[in-house]
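Reader: I would like a close look at one small part of this model. Please start there and then work outwards.

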Amino acid sequence: MAYYLKNDRLLVEIAELGEAYQGTRFDGTGIITGVKLDGQHQFCVPESLTPGTGTGGIGICSEFGIKEAIGYEDTRVGEQFPKLGVGLLTRPDEAEYLFYRDYACQRFETQVEQRGEQQICFTTEPAECRGYAVRMQKNIEISDNLLSVTYTLENTGSRVITTDEYSHNFLGMDGYVVGPDYVLKLPFAPEIWSDDPSTLEGIVFEGDQVSWERRPEKDFYFRMTPFDGRETPWLWELKHRPSGLTVRERSKLPLRSAAVWGHGHVISPEMFVAVHVPPGERQSWTRNYEFSSI
């Protein structure tokens, strides 16, 4: 069964552990599969509309270490390495780490505590792996039209934890497809680039705004200048102009990098936070999402 948070404005659906996602990419704790505003407007969509394709992401879900897994480089074939939010993965061969590859996995142990109708907490216990060990707490809370997700990592091991975290926000408003009706606003006019220029086809960049000439027929992806989100009122705002439906990430975060991915039904702003936790220390950060229909 799913977990639910609710108040007068929001109804948030959170997947039970192992229910909506069984892969080894995304943090399996607290995956937000649905956000309903004022009893009628929906914001979360799956990564892919075609069954059996994609990597299984849905709604608001996070990933740690998309490019570099913790300790992977000095992990020998057959040994384990930690993937935060997932478990201890086994390195199968000499190939480099690939976030979309399925790895043999020993899942972390996680406890769930529902703290009333507006708050839930997931606590993942540490599992020692070659000196790496982390206790992770993920607290999800709602207030009026604001959804907050707070991570707290405690390093209980003997080695430094160095990685990054981002939320892969799989967003689409009320089933409206991507196209000219959507606009993504940023707090400044960033420098935009892509390793594959074809992923920029049909996208219009005008100052601090991004829009789409037509519905994309394939994946689009671009990166942008990172910025210190602690100095801006919000990180990004996605709006469907005819309906007025809007999601704004009001997090105060120093960003390591920033990107946007999407397809014909989904737009995913991705804001990366650097994670560096020495032994015996903690690091905490919060992502705040504001939903509106104005």
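Reader: Which residue in S4 is the bridge partner of Lys36?

Author: It is Gln42. One caution comes with everything below: this is a predicted model.

Start with the strands around Lys36. Strand S3 covers residues 32–37. Strand S4 is residues 41–42. The two pair in the antiparallel sense, over two bridges. Three residues sit between the strands of this hairpin. Among the hairpin's residues, Asp38 takes a positive phi near 55 degrees.

Now turn to strand S2, residues 10–14. S2 and S3 run antiparallel, joined by five bridges. Lys36 appears here too: in S3, Lys36 is the bridge partner of Leu11. So Lys36 has a bridge partner in Leu11 and another in Gln42, which belongs to S4. How enclosed is S3? Five of its six residues are buried, so the rest of the structure largely encloses this strand.

Next, look further along the chain. Strands S6, S7 and S8 form an open sheet in that order, with antiparallel pairing. Its edges are S6 (80–83) and S8 (105–107), and each of these pairs on one side only. On average, neighbouring strands here are turned by 25 degrees against each other, direction ignored. Four bridges hold the antiparallel pair of S6 and S7, the latter being residues 87–90. One residue pair to find on screen is Gln80 with Thr90, its bridge partner in S7.

S6 also offers a charged contact. Lys83 and Glu63 meet through their side chains in a salt bridge, at 3.1 Å from N to O. Glu63 is in strand S5 (residues 60–64) and Lys83 is in S6, so this pair ties together parts that lie 20 residues apart in sequence. Both Glu63 and Lys83 are buried.

Compare a salt bridge between two loops. Lys218 and Glu201 meet through their side chains at 3.9 Å, N to O. Lys218 sits in the loop between S17 (209–212) and S18 (220–224), and Glu201 in the loop between S15 (192–193) and S16 (203–206), so the pair ties together parts 17 residues apart in sequence. Lys218 has a relative accessible area of 41%, so it is partly exposed. Glu201 is at 51%, so it counts as exposed. The cut-off matters for Glu201, because exposed means over 50%.

Another salt bridge links Glu213 and Arg214, whose closest N and O atoms are 3.1 Å apart. Arg214 is partly exposed, at 47% relative accessible area. Elsewhere, salt bridges with shared partners join Asp74, Arg76, Glu79, Arg130 and Arg159 into one network. The structure holds 23 salt bridges.

Then there is an open sheet of 10 strands. Trace it in this order: S9-S10-S11-S12-S23-S20-S19-S14-S17-S16, with antiparallel pairing. The edge strands are S9 (110–114) and S16, each pairing on one side only. Neighbours in this sheet are turned by 15 degrees against each other on average, again ignoring direction. Within the sheet, S10 (residues 119–124) and S11 (residues 134–143) are an antiparallel pair with six bridges. Use Cys121 as a landmark: it stands opposite Asn139 in S11.

Finish with the rings. The structure holds 19 aromatic pairs. Among them, Tyr97 and Tyr103 are stacked, with 5.6 Å centre to centre and 15 degrees between the planes. Tyr97 is buried, at 6% relative accessibility. Tyr103 is buried as well, at 6%. Phe99 and Tyr100 make an edge-to-face pair, because their planes stand at 85 degrees, with ring centres 5.1 Å apart. Phe99 counts as partly exposed, at 24% relative accessibility. Tyr100 reaches 52% and counts as exposed. Last on the list is one aromatic cluster, formed by Tyr21, Phe26, Phe170 and Trp261.

Back to your starting point. Lys36 faces Gln42 as its bridge partner in S4, and its strand, S3, has five of six residues buried.

Technical notes:
Residues numbered from 1 in each chain as written. Predicted model: local features only at pLDDT ≥ 70, side-chain atom pairs only at ≥ 80, totals over all residues. Heavy atoms only, no water. Pairing = 2+ DSSP bridges. Axes fitted to C-alpha atoms, helices over the stretch in contact; angles between N-to-C directions. Salt bridge = Lys/Arg side-chain N within 4 Å of Asp/Glu carboxyl O. Buried < 20%, exposed > 50% of the residue type's maximum accessible area, 1.4 Å probe, protein only. Phe/Tyr/Trp six-rings, centres within 6.5 Å; stacked < 30°, edge-to-face > 60°.
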